[in-house]
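Welcome! Here are a few exercises to work through at your own pace, each followed by a worked solution.

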Amino acid sequence: MLDKKLRSMIGDVKDGRMDRRAFIQRMAAVGLTAPLAYQILALGGVAMAEGPSTYKPTKRGGGGALKLLWWQGPTLLNPHFATGTKDQDGSRLFYEPLACWDPDGNMKLVLAAEIPSIQNGGLAADGKSVTWKLKPGVKWHDGKPFTADDVVFNWEYAKDPATAAVSIAVYRDITVEKVDDLTVRILFPKPTPFWADAFVGAAAGQIIPKHLFNDYKGAKSREAPNNLLPIGTGPYKFLEFKPGDLVRGELNPDYHMPNRPYFDTLEMKGGGDAVSAARAVIQTGEYDFGYNIQVEDDVLLRLEKGGKGKAVYAVGGDTEFIVLNSTDPNTEVDGERSSMKTKHPLFSDPAVRKALSMLVDRESVKKAIYGRAGRTTANFLNGPEKFVSKNNTWEFSIEKASKILDDAGWKPGADGIREKDGKKLKLLYQTSINGPRQKTQAIVKQACQKAGIDVELKSVVASVFFSSDVGNPDTYPKFYADMEMFQIPMSQPDPAQHMRRYISSNVATKENKWQGPNFTRWANKDYDAIIEAAEGEMDPVKRAALYIKANDLLIQEVVFIPVQHRLKVEAVANNLQCVISGWANETDNLFDWYREA
Amino acid sequence: MSQYVLRRFLIAIPSLLGISVVLFVVLALAPGDPFSELATNPNVPPEVQAALRAKFGLDDPIYLRYLHWLNAMLHGDWGFSFVSRMDVDQLILQRLPATLYVIGSAQILALLIAIPVGVYAATKPYSLFDQVANTLAFVGFSLPTFFTGILFILVFSITLDWLPFVYTTNIKGTGILWVLEMIRQAIMPVAVLGLFQAASMTRFVRSAMLDVIRLDYVTTARAKGLGQAKVIVKHVMRNAMIPVVTLIALQMPAVFGGAIVTEQIFRIPGIGSLLISSILSNDTPVVMAVTFVFACLVVLFNLIADVLYGWLDPRISLR
């Protein structure tokens, strides 16, 4: 039904009977508004449009200094080596992609002249190629012109395994060709519904200059002097870099966007912790902007009373979840625990899974821990809106959970812990060391205890928990516990990458050194089929429906218990007008930042 | 004398080798992976991580890696940071000025307080001055620096708004303005560290002085009719300073090693904060270089302390 309605609306927009904004509003009304809404229009035959700009200054410069506080400072400034978002953020001050994402998930042009669409010939109808037109007259900071050769070079640079670029996954399967000096074409091996991955956004899209990196492709990549001296096309020119401490830049007088940038100089200071960063921005006003302020809401509210700054939130698709192990972590088979040859002795009973999902008090977690930075959710996939299922609900009820367990034959023993066939309901619940996570663990444990489930808590240092160290038993991919909790950030406004992890061929096992991304060890043929269908589906509506179905399967089988849909939190000085997108890095829209008098 | 120094240097070589083996093995066996951040990034396939490990030689056996490291170190190559992809010596040199300035000033402040206060308290034991100095010293070294640091920030930055609490290497202004701002931002960290050091050092100076002040030769000096100042400075202090010199010499490496906690609180880009961030991100070459340099400094300053003994007390002969 939604399918038909959407199609007729796209038709209306095409014929000019409905304007774009009305379309987006109608989509919102039927629960389909999306960062990808514009991409739907693009594929439906209407050009993708840029979102409205909020930038007001009428001349370049004059804004004084912009002081940014990154409590984990960038440690390197080559975007293709950026291991963490902090490095992407730092590189993005100087380097630019063809386009980036605005707060609503709309595409915003940076180095590209127009957004590819079927109308302007940019998109192939079969979804196997996209053609980008580049902005003419763009110059690198050293005065050399920016051309299609640079774009093609970035593809060659990143796809070469010897370069060891972290962006390799985006570039290795595509082909990029130069059409003319200001046009490039990307060819995909198979129909690609989400074509805005290569050269878009800060995560993998930043473009480095060919003339400075050409000699350092492949094995010599680490010797390039410009790894530490970025010469980009961005609004600010590079001045100084001290890894982990400071990045400095100054206004680029030849910047290719009119009246931008606003600030004369820019400083990104690193180090310290999130709480004192919030303090330096919100309470004392020493800095203008602090990133990723993972601080309890109480603390932020108290700091905000000082009145120099405020917390700002951006909605993306990050979900904090508890995952239930599908295999047995306590039985060793061929030298491997949590082996695919075993089944979890307790979780193989769907009643136990169902009961556990009712014992996670998401409302209390929101109230006591995440506050304004969280939303309760019943879904694993929480964005973009278009892909969010309306079919699931959640509830917290110790009584109902107890009843489900009673009915399934799990009876309380002498010690109050339920048991069945000699198996006791005792669970090991692990996560990384992080204040909110330990508090969430405590809330869940308490509810479980009341329902007769004994939960043992375990917390592992983040640098170990998230490592891929084959020799360490405490990593999340090894999953030597009954349940574990963390989140996997969603780095683009599309679910394809995110949902692909959980297909059965991706299971983490000893054989693949636990590098398979499916740490849940859940294998389901229906899910595999849905994901495969979705990846080849060019019709955006059917594709969204498939991902919703995939999400519903994960929830119905209780592979995941979603705990919270987490928002990005930033500390911002009161007079700073910043543009922050939940779908992009903090500095992705930096060219549009300014200060209100 | 020169023979003695040479011999000490030769003895230092095996001990430094031993230290480096222990450090290297411990770091190699420690949990964690420098490329762990990649593991949670769905954009990065596991092969990239494997390729990076191979590229940086992380998959080789430990003894081979150690020999590589030793060989490079002998050629003056301190290693290559996994995380910043730059040479470690460059990284350390960038951090050194801030550490030398802040920690060095703190040490000087500590000495400037500890020696006069300790000496004066010892000349008048159990007087009111001595009691007050003792009490303050106890308070001083009972309070950890992370506590006083945060307390100072709350009082001087947030309530009074006098001093900045984010240390910046990028100060605007030149000439006298620059100097003033440099001093202003260092006041809190220097005070926190300096007062903490001064507290324990005062106690130390006082007891060293008390040991000497009762000796017969001091009475003799007084009986000769020498003035109090001359007796204290020329006769008592010179002998009492021997253990104090050892203490100071052993603390000198800390001046280069930075103060991890204080640097973290005030965001001082020094060696200490480099060490902690490298440990957290498992950047082993940097951790190895910093800790090894630290070990070298300890050995070196021990030697300097021994040489200084001979100068302070000619009876100690160095052979």
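**Exercise 1.** Which residues of chain A does the UniProt annotation "domain: Solute-binding protein family" cover?

*Solution.* Keep in mind that you are looking at a predicted model. According to the UniProt record, an unreviewed entry, this annotation spans residues 124-505 of chain A. Next, look at the secondary structure of that stretch: residues 124-505 of chain A are 25% helix and 21% strand. Finally, find the two ends, whose C-alpha atoms are 31 Å apart.

**Exercise 2.** Explain why the radius of gyration of chain A agrees with that of a compact globule.

*Solution.* Start with the length, which is 597 residues. A compact globule with 597 residues would have a radius of gyration near 25 Å, and chain A has 25 Å, so the two agree. Then add the outline: along the principal axes, the C-alpha atoms of chain A fill a box of roughly 80 × 55 × 50 Å. Inside, 54% of the residues in chain A are buried. Now turn to the contacts in chain A with a separation of 6 or more: 68% of them come from residues 24 or more positions apart. To complete the picture, count the elements of chain A, which has 18 helices and 22 strands.

**Exercise 3.** Find the residues that touch the most other members of the largest nonpolar core.

*Solution.* This core has 226 residues, and the ones to pick out are A:Val281, A:Phe289 and A:Leu359. Helix 5 (residues 88-123) of chain B supplies the largest share of the core, 14 residues. Now zoom in on A:Phe289, setting aside its neighbours within four places in sequence: its contacts include A:Leu68, A:Val281, A:Val572 and A:Cys578.

**Exercise 4.** Describe where chain A meets chain B.

*Solution.* First count both sides: 45 residues of chain A are in contact with 42 residues of chain B. Helix 6 of chain A gives the largest share of the chain A side, three residues. Then sort that side by class, which yields 19 nonpolar, 17 polar and nine charged residues.

**Exercise 5.** How many residues of domain 1 of chain B are in contact with domain 2 of chain B?

*Solution.* Begin with the division of chain B into domain 1 (22-88) and domain 2 (96-317). Their centres, taken over C-alpha atoms, are separated by 36 Å. Across the boundary, 15 residues of domain 1 of chain B are in contact with eleven residues of domain 2 of chain B. On the domain 1 side, helix 1 (residues 2-29) of chain B gives the most, with three residues.

Key. Residues are numbered from 1 along each chain as its sequence is written. Chains are lettered from A and ligands numbered from 1 in the order in which they are written. This is a predicted model: local features need pLDDT of at least 70, side-chain atom pairs count only at pLDDT 80 or more; totals for chains, interfaces and linings use all residues. A nonpolar core is a set of buried Ala, Val, Leu, Ile, Met, Phe, Trp, Tyr and Cys residues joined through C-beta atoms within 7 Å. A residue is buried if 20 or more other C-beta atoms lie within 10 Å of its own, exposed if 12 or fewer, and partly exposed in between; C-beta atoms are placed from the backbone. Helices (H or I, at least four residues) and strands (E, at least two) are DSSP runs, numbered from the N terminus. Two residues are in contact if their C-beta atoms, placed from the backbone, lie within 7 Å. Ala, Val, Leu, Ile, Met, Phe, Trp, Tyr, Cys and Pro count as nonpolar, Asp, Glu, Lys and Arg as charged, and the others, Gly among them, as polar. UniProt positions are given in the numbering used here, feature names are shortened, and annotations may be inferred rather than shown by experiment. The radius of gyration is taken over C-alpha atoms; the globule rule is 2.2 Å times the number of residues to the power 0.38. Domain bounds come from an automatic or database domain assignment.
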